Each structure stands twice: as C-alpha cells, then as structure tokens.
Amino acid sequence: MITPFRLHAALLTPHSKERMSWHPHGVLVVDERGAIAWRGAEEELPEHFLPLKEIRSPHVLLPGLIDTHVHLPQLDCRGKFGASLLEWLDRFIYPEELRFAEEHVARDIARRFFAALAGAGTTTAMVYGTVHERATDIAFEEAERARLRVVFGKVLMDREAPAGLLESAADGIAATERLIERWHRKTARLWYAVTPRFALSCTPQLLSGAAVLAKRHDTYVQTHCNESGGEIARVAELFPAAPHYTGVYEAAGLLTPRTVLGHNIHTDDAQLAMLREHDCAVAHCPDSNLFLGSGRFPIEMHERHGIRVGLGSDVGAGTTLSMFHIMHAMSHVQARSLHPFVPLYHATLGGAAALGQDESLGSLDPGKQADMIEVEIEQSFCRGRRLHELSAQEIASVLVYRSSNQRVGRMWVGGEEIQRAEDGTGAAPSPAV
Ligand SMILES: [Zn+2]
C-alpha cells in the first residue's frame with residue numbers, strides 16, 4: 001500500500017499509433033494500490049482529490065518505457081563489432097556468458113543491469129539470462145530489489161555452443177521448472193519466460209520440453225526467430241522437415257499468446273499467418289538490426305497480419321538500454337519518415353500489448369498501474385515558448401528524434417517512486433589505480 005497522491009505535470013499518453021492524449025496542465029491521481037484513479041486537465045480535477053498529497057513536476061510525464069527484448073549478461077558487450085550474428089556470438093557473447101558461472105560476476109552485472117534499466121526510464125522489461133541456474137536466481141533477486149517489472153528466463157541450449165554453456169535437455173528442463181516454481185509470479189512484478197535461445201542451439205527434444213513447461217505453468221516464452229541469413233540457413237539444415245523457421249517452433253508447441261519472438265525480419269506471409277493464428281507477439285530491435293546489419297524489419301507486413309509488436313533494445317547487439325535511442329533507431333531502419341507517435345506507441349502501449357499486459361500497463365489511463373517517468377524537455381527546443389504551448393506532436397517529436405539528449409527525472413512503478421542512485425549507464429566502476 002502507498003500513500004495516495006496527485007501529480008501535476010504535462011502528461012502525454014498513447015491510445016494508438018495514431019492518437020495520443022496531451023494534457024499540458026494535467027493531473028494524475030494515484031490511489032493506495034498504486035493504480036491510476038484519475039487523469040485529466042487540472043481545471044477538471046474533482047474536488048474530493050484535493051486533500052491528497054500534491055507533487056508538482058516541471059517536466060513531461062510519460063508512461064514507463066517497455067523493453068521487450070534485452071540480454072542481461074550482455075550489458076558489457078555493447079558495441080563489440082563482430083560482422084554477423086553467429087560470428088559475434090562466438091567471439092564475444094558466449095565467452096562473456098561463460099563468466100556467469102561465477103556468482104560475483106552474475107551479481108555485479110545483474111545489479112548494474114537493473115540500475116541501468118531504471119536509469120533509462122524502463123519500468124518493464126523482458127530479459128534473457130544465461131544458462132546458469134544460480135545466476136538466474138541472482139538476476140531475479142536483483143530484479144526484485146530494483147522494484148521493476150521483469151519477465152526473465154534462464155537460456156536453454158543443448159547444442160551448437162561452447163561446452164560450458166551446454167547441458168542435456170533433461171537437465172535444462174529440470175532447472176527451468178525449479179526456477180519457475182521459485183520465481184514465476186513470486187511478486188506482482190516478476191514473471192518467468194521459458195527461454196530456448198533459438199532453434200539453432202536447441203534439439204527438438206529441448207524445444208518440446210520447454211513448450212510443455214510453459215503450458216503447464218502458464219509462463220511466457222521468449223526466443224529469437226528469422227534474424228539473419230546465416231542463422232536461418234543453419235536452422236533449415238538442422239530441421240529439414242520444417243516448412244520454415246517459424247514452423248520449427250510451431251511443431252514444438254512453443255507458439256502461444258504469451259510467446260514473444262525477437263527480430264522476425266526475414267519472414268513471409270505464411271509465417272506471419274502462423275504467428276497470427278497462435279496470437280504470438282514480436283519484439284522489434286532496430287538498433288541491434290543496424291549494428292549487426294541484419295536487415296529491415298517489415299513492419300507493414302506485421303501490421304497487415306495484426307501481429308502485436310513491441311520494441312526491444314536487444315543489448316548487447318543493441319548499443320544502449322535507452323528506449324529513446326531505440327525509438328529513434330526504428331525510423332533509421334525503416335528509412336522513411338515516421339510519425340513520432342509510432343515509435344512512442346511501440347515503446348509504451350505497444351510493448352504492453354506485446355506482453356499481453358495492456359489492460360494494466362503502457363499508458364496513463366485510469367485503472368492501470370501508475371508506472372510513469374518524468375522527462376525533461378530541452379529548453380532550446382521550446383524556443384521561448386513554454387512547455388504547455390507545444391503540441392502533442394511536437395513533444396513526441398523531440399522525445400523520439402532528439403533521443404540522445406533525453407534526461408529521465410523521477411520514476412514510479414505502481415505509484416512507488418524508484419530511487420535511482422546510479423548513473424544509469426550500467427558502467428562498471430573504474431578499476432582502482
Ligand atoms: Zn537477442
């Protein structure tokens with residue numbers, strides 16, 4: 001329970017890709033359960049809310065940002081050039097993930113990772129771990145300590161990776177089930193995602209075992225799909241009977257309404273129809289796609305098939321946890337002018353929809369959880385005008401297209417202010433000299 005309050009600020013909140021509500025002099029009322037009780041213009045605030053504690057913000061208030069695809073163990077691997085996906089995994093990522101066998105490494109990086117997420121204004125994230133059971137416990141402990149909403153899973157791999165990251169299908173499934181029992185819905189902010197890394201690193205037995213667990217415990221599923229040419233060719237060799245990459249996951253039973261597939265760039269109508277039939281969601285990771293040269297995400301095709309699409313940073317192929325940067329990158333990938341409402345929608349309400357949480361997250365609507373962030377708008381953008389004189393489109397535009405300048409101020413999750421002691425970059429402390 002929290003002390004109810006009313007927050008006076010300029011409020012911007014999405015309804016759809018085309019429509020946002022903008023209250024230049026807005027008020028948001030948060031009740032004792034941390035939910036939004038009322039939202040609107042200051043002059044319309046019902047009198048019975050006046051006795052509540054008042055907080056005033058000189059900044060723009062947005063719904064908390066949602067990152068639907070990110071790898072905790074890759075926090076320190078950002079920006080390591082590796083040419084293609086498979087080469088990059090071998091050279092940088094697998095060696096780094098091997099280090100998570102050591103508890104102090106797992107603890108240090110998990111703590112910095114969640115601090116950096118909060119620093120970036122991300123209130124909800126769907127996150128990949130490593131194969132290690134103990135490191136997964138540590139990540140959940142740190143997620144709980146950080147007070148963020150986190151969907152997390154231990155990665156499953158039983159082939160085509162270094163020996164230290166492989167386990168038998170039976171061992172991987174048993175460890176996953178123990179982790180689900182310990183962490184799935186342990187609090188209202190934690191969920192488990194059964195996480196076969198991608199078809200390439202999993203035998204059919206492991207994939208179908210993972211699907212059974214997800215169904216039995218009603219968890220999320222996260223995996224990668226159709227990211228790069230080399231990966232797709234190898235999956236075709238390993239699963240010769242499958243009609244295509246998506247078909248591998250369907251045969252295993254992994255396509256569910258709680259499944260979020262990362263990337264899905266090189267897809268087609270047959271595969272998208274399959275995703276629609278199973279009501280799966282996709283995490284679009286534009287910054288990662290640019291870094292690895294993976295290709296242009298076909299957003300129009302996903303829209304045509306009615307697929308829910310969230311945005312993901314995909315750190316460490318993504319170079320930053322800042323969803324402002326990721327929104328901006330979305331327009332670079334599309335290589336056309338994109339209305340700023342579109343990326344802002346996908347990083348908030350669209351992300352919530354991808355996670356099946358749009359009833360409770362993703363916008364500042366009454367009844368939803370009060371997950372929100374303050375963002376400072378640069379004075380130079382206002383050019384002598386005051387914040388409340390700008391339009392919704394101008395505000396969205398500066399948020400998305402001056403992405404490198406965004407400064408997140410205070411942040412609330414479920415109406416609870418999150419204390420952010422660290423600088424939000426996730427940087428390791430410099431070694432003592
Ligand atoms: Zn990824």
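Which strands does helix α15 lie across, and at about what angle does the helix run to β2? Select residues 392-401 to bring up α15, then add β1 (5-14), β2, β4 (53-63) and β14: those are the strands it lies across, and it runs at about 85 degrees to β2. Keep in mind as you click around that this is a predicted model.

**Stop one: the sheet**

Now colour the whole sheet. You should find 7 strands, in the order β3-β2-β1-β4-β14-β15-β16. The sheet is open, and its pairing is mixed. Look at the two edges, β3 (36-41) and β16: each has a single partner strand, so one side of each has no neighbour in the sheet.

**Stop two: the β3 edge**

Select residues 20-30 for β2 and show β3 with it. These two run antiparallel, joined by 5 bridges. To see one pairing up close, pick V30, whose bridge partner in β3 is I36.

**Stop three: the β16 edge**

Jump across to residues 372-376, which make up β14, and residues 407-413, which make up β15. They pair in the antiparallel sense over 4 bridges. Click I373 and you'll find M411 as its bridge partner in β15.

Next, add residues 416-417 for β16, which is antiparallel to β15 and joined to it by 2 bridges. Here V413 stands opposite E416. The hairpin of β15 and β16 has 2 residues between the strands, and G414 takes a positive phi near 55 degrees.

**Stop four: two domains**

Zoom out and colour by domain. The domain assignment gives domain 1 as 5-63 + 365-417 and domain 2 as 65-321. Their C-alpha centres are 32 Å apart. Where they touch, 6 residues of domain 1 are in contact with 9 residues of domain 2. On the domain 1 side, β15 gives the most, with 3 residues. That side divides into 4 nonpolar, no polar and 2 charged residues.

**Stop five: a helix pair**

Finish with helix α2, residues 103-119, and helix α3, residues 133-146. Their axes come within 9 Å and cross at roughly 35 degrees, and the crossing is right-handed. Which residues of α2 meet α3? Show the side chains of E103, A106, R107, A110, R111, F114, A115 and A118 in α2; across from them in α3 are R134, A135, I138, A139, E142, A143 and A146. By class, this contact has 10 nonpolar, no polar and 5 charged residues.

Key. Residues numbered from 1 in each chain as written. Predicted model: local features only at pLDDT ≥ 70, side-chain atom pairs only at ≥ 80, totals over all residues. Pairing = 2+ DSSP bridges. Contact = placed C-beta atoms within 7 Å. Axes fitted to C-alpha atoms, helices over the stretch in contact; angles between N-to-C directions. Domains from an automatic or database assignment. Nonpolar A, V, L, I, M, F, W, Y, C, P; charged D, E, K, R; others polar. Left-handed = near helix turned anticlockwise from the far one by under 90°.
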